[in-house]
Amino acid sequence: MATTMVKPAGWGRLRLDRTRPKRQEIGPLERRRARAGLLFISPWLVGFLLFYLLPMVASAFFSTLSFQLATPDEAEFIGLGNWQRALFNDPNVWRAWIVTLRFAVINLPIGLVVAFGFALLLNSDYLRSRNLFRTLFYAPSVVPFIASTLIFSQILNSQTGWVNRLISFLFGIDATGVDGIRWLDNPTLIPLTYTFIGIWGLGNAILINLAGLQGVPTALYESASIDGAGWWRRMWHITVPMVSPVIFYNLVLGLVGLLQYFLQPFVLNGTSGYPQGATNFYMIYFYKQAFQFAQMGYGATLAWILFFVALAITIVVFGTARSWVYYSAEQT
Amino acid sequence: MNLLVPRRQVTTYDEVTARIKRKRLLMTWGVTTLAVAILSVWLMPLAYAGVTSLKTRSQVADAPILPTEIATFEFEDRKYEVFEVPFDDGDRELALVTRGRETSEFVDPSDPEAGLITWEGRWRTLEPVRSLSLAWGNYPEAWELINFPRLLFWTTFYATVTLFGAVISSAFVAYGFSRFRFRGRGVLFMVLMATIILPPAVTQVPSYAFFSWIGWTGTWLPLIVPQFFANAYNVFLLRQYFFTIPTEMEQAAAVDGAGALRTFFYVILPQSVPALTAVSLFHFFFAWNDFFGPLIYLVSNRDIQPISIGLTFFSGVYDSEPQLIMAASFITLAIPLVIFFFAQRVFIQGIVITGVDK
C-alpha cells in the first residue's frame, strides 16, 4: 500500500489482483484451455524428454566413463579423463578442428556471396521469364546429396572431368595430366573442391535472399536515385543493409551446418581422411571414435566439445549482429 | 565561332521515351543472356551425369564429351575405321583399307563399288569419324547391381511412414503453441527452437547405446519412432501458418459445442492444406537425404539400407565404373526432381516462410 503512490496506474491494479487467491485469476474455461494446450504440445514435450533431455544428461554422464559398447560390464568411471584426452592428449581432435574451421572460413564467404549474387540476378527487373529461371536455379537443390556428391566428384576428376577439360580448352594449359589440377588429391585444394561439391545446396539460401530483396521498399531506391546514387551505391547503402537480417540467418545456419559437415567427405573417402588427413573433418573423427570403435565415453565427450564450440561461435556471431545487422523499427 | 557555342539539344518527349525503351531492351537482353549463361554452367553437372551414364567404360576416359565410337564400315567381310580425308574438292568420309606410310588406300562407304581410292599423305594425321553410340545398358546394369528396387522400397517406406508421424505430431504441437495460453509457453517455445541449433551428435551416443541395448540396431525403429514426436522446423512453419487463420471460425465452432480436438480436425486442418503440403514435401526430401542416422543404425543390415547408404557403398566398390555410378545417381535424383517440378510453388513458399519470418 505504501509503495503504490509513485507507480503508474497499472501497477496498483496488479497489486490488487495479487491479493486475491491465484486460482480465481483464471476461470474454469481458461484452465481447461490451458490444459488442452498442454495436451496439444505433449507429443513434443514427451519427445523432448525422451530424445533430447534424457540423452543429453546421459551423454554428460557417458563423458566421464571409459565405456566400450562391446563390453558394457567393464565400464568404469574415469572422471575428466576423456576430457583431458580430447583437449590435451589427442592431436587428432585439434587437426580435425583445423580442417573443419579452415573449410568453414573458405566455404561460408563463397556461399554467402554466390547466394546473394544469384538472388540479385533472379530479382532483376530486366530478367525475362523470371519464374522459369527461379525454378531452374532452385531445382538442383532437391537433388539428394549422395547423388550430387558423386556427380561433382566425377566432374572434378582430374583426368576425365569436365572442369579440367574446360580449363585446358579455355587457357590452353594441360590441366588433365599428372601435373594438372588434382582437385580431389591435393590437400591445399580440398576446401575449395568441397565448396564446389556442395554448391547445389545453396538453393534455400538463394530463395531466402530473394525473398529478402523483394521486401526492400522501392521508395528507398527511388529517393536514392533522385539524390544521384548510382547502382553500386544503392547496392551498398540500401540493398545490403536491408537484407542483412537474411544474410545473418544464412550465416548462422551455414555455420551450424558446416561444423557438422559429414556426408560429402564420408561418401568420397570414408574415414580415411584422404588426402593426407585433409578430409578428416570433426564429425568424421567423431563417427570413427563413437561408432566405428564404439567408444561411447570418448564419443560423448567429443560430441559435447562440438556442442560447446557451436555454442561459442553462435554467441560470438550473435554478439557481432548488433553492429552490422539492420532491423527496421516494425520488425524488432 | 559557331562551333564553340554549345548547341542546344532539342529533345522531344518521343525521343526520350524512345531512348529509355532502347536502354530497357538492351538491359533486358544483357541480363537475360547472362542468366542463361550462368544457368547453363549451374546445370552443367546434370548434363555431365546424363552423358557419362550413357558411355561405355572405355569412353569415360577416351571419348571427348559425348559418348561416341569411331565409325566403322564393313567391306569385303572386314571392318575398317572411317576417317575424314581431305581432298582438293573438300573432305570425304572414307574407310581406311590399307595403311601405308605415305600413301593409303580407302574405300567410299557410300559407293563401295567404285573400288579403292588412293590418297597421298599420312593416315595418322587424319581425324577419325565418330558417331554417337549410347550405352543405355548402363541403367539396367546399375539397377540390378545395386538392387535398386530394394533401396527404393526402404527409402520410400521410411519417407512415408515418418512423413505421417512428423507432420501430424507437428500440427498438434503447432496448434497448441498458436492458440492456447498456458504457463511457460514462451519458454517452451524457445526451447523447441533452440533444438534447431543443437548438434544431433550430443544425443546420438547415448541414444545409440540405448537402442543397441534394447536390440533395435539393425532395424528402422530407432529412426522412425523419434519422428512421431514433432520437430522444430515443422512446428515453426505450421504455427506461422495457423496465425494467419482467422479465429472467428474456431469461435463459431466452440459456440456450436465443438471441443478443441474437433475444432482442430474439422476447422484448422482443412484450412491448412497448403502449409501441410509444404511440410510434407520438406519431410520427404529430408528423409530421402537422411544419412547419419541410417548409417549408424543400418550399417550392419545390408538388406534394409536406404538409397543414401546403399549408393555410398556401391560407389566405393565400383570406383572404376563411373558410368554405372552416374546412372545410379541419375535414377536417385529423378524422383525428387520430378516431385519438385510438380509441387514447386508450395515448396518454394514454405522455404521463404521459414527463412524470412524468423
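A nonpolar core is here a set of buried Ala, Val, Leu, Ile, Met, Phe, Trp, Tyr and Cys residues joined through C-beta atoms within 7 Å. A residue is buried if 20 or more other C-beta atoms, placed from the backbone, lie within 10 Å of its own. This is a predicted model, in which local features need pLDDT of at least 70, side-chain atom pairs count only at pLDDT 80 or more, and totals for chains, interfaces and linings use all residues. Residues are numbered from 1 along each chain as its sequence is written, and chains are lettered from A in the order in which they are written.

The largest nonpolar core has 142 residues. Those with the most contacts inside it include A:Ile206, A:Phe286, B:Val173 and B:Leu238. Helix 5 (residues 148-179) of chain B supplies the largest share, 13 residues; helices are DSSP runs (H or I, at least four residues), numbered from the N terminus. Another core, of 13 residues, lies apart from it and includes B:Phe73 and B:Tyr80.

Two residues are in contact if their C-beta atoms lie within 7 Å. The contacts between chains and between domains are listed below.

| Contact | One side | Other side |
|---|---|---|
| Chain B with chain A | chain B: 70 residues | chain A: 70 residues |
| Domain 1 with domain 2 of chain A | domain 1: ten residues | domain 2: ten residues |

On the side of chain B that touches chain A, helix 15 (residues 322-356) of chain B gives the most, with 15 residues.

Chain A is divided into domain 1 (22-77) and domain 2 (82-324), with bounds from an automatic or database domain assignment. Their C-alpha centres lie 34 Å apart.

Key:
Buried ≥ 20, exposed ≤ 12 C-beta atoms within 10 Å, placed from the backbone. Helix = DSSP H or I, 4+ residues; strand = E, 2+ residues; numbered from the N terminus.
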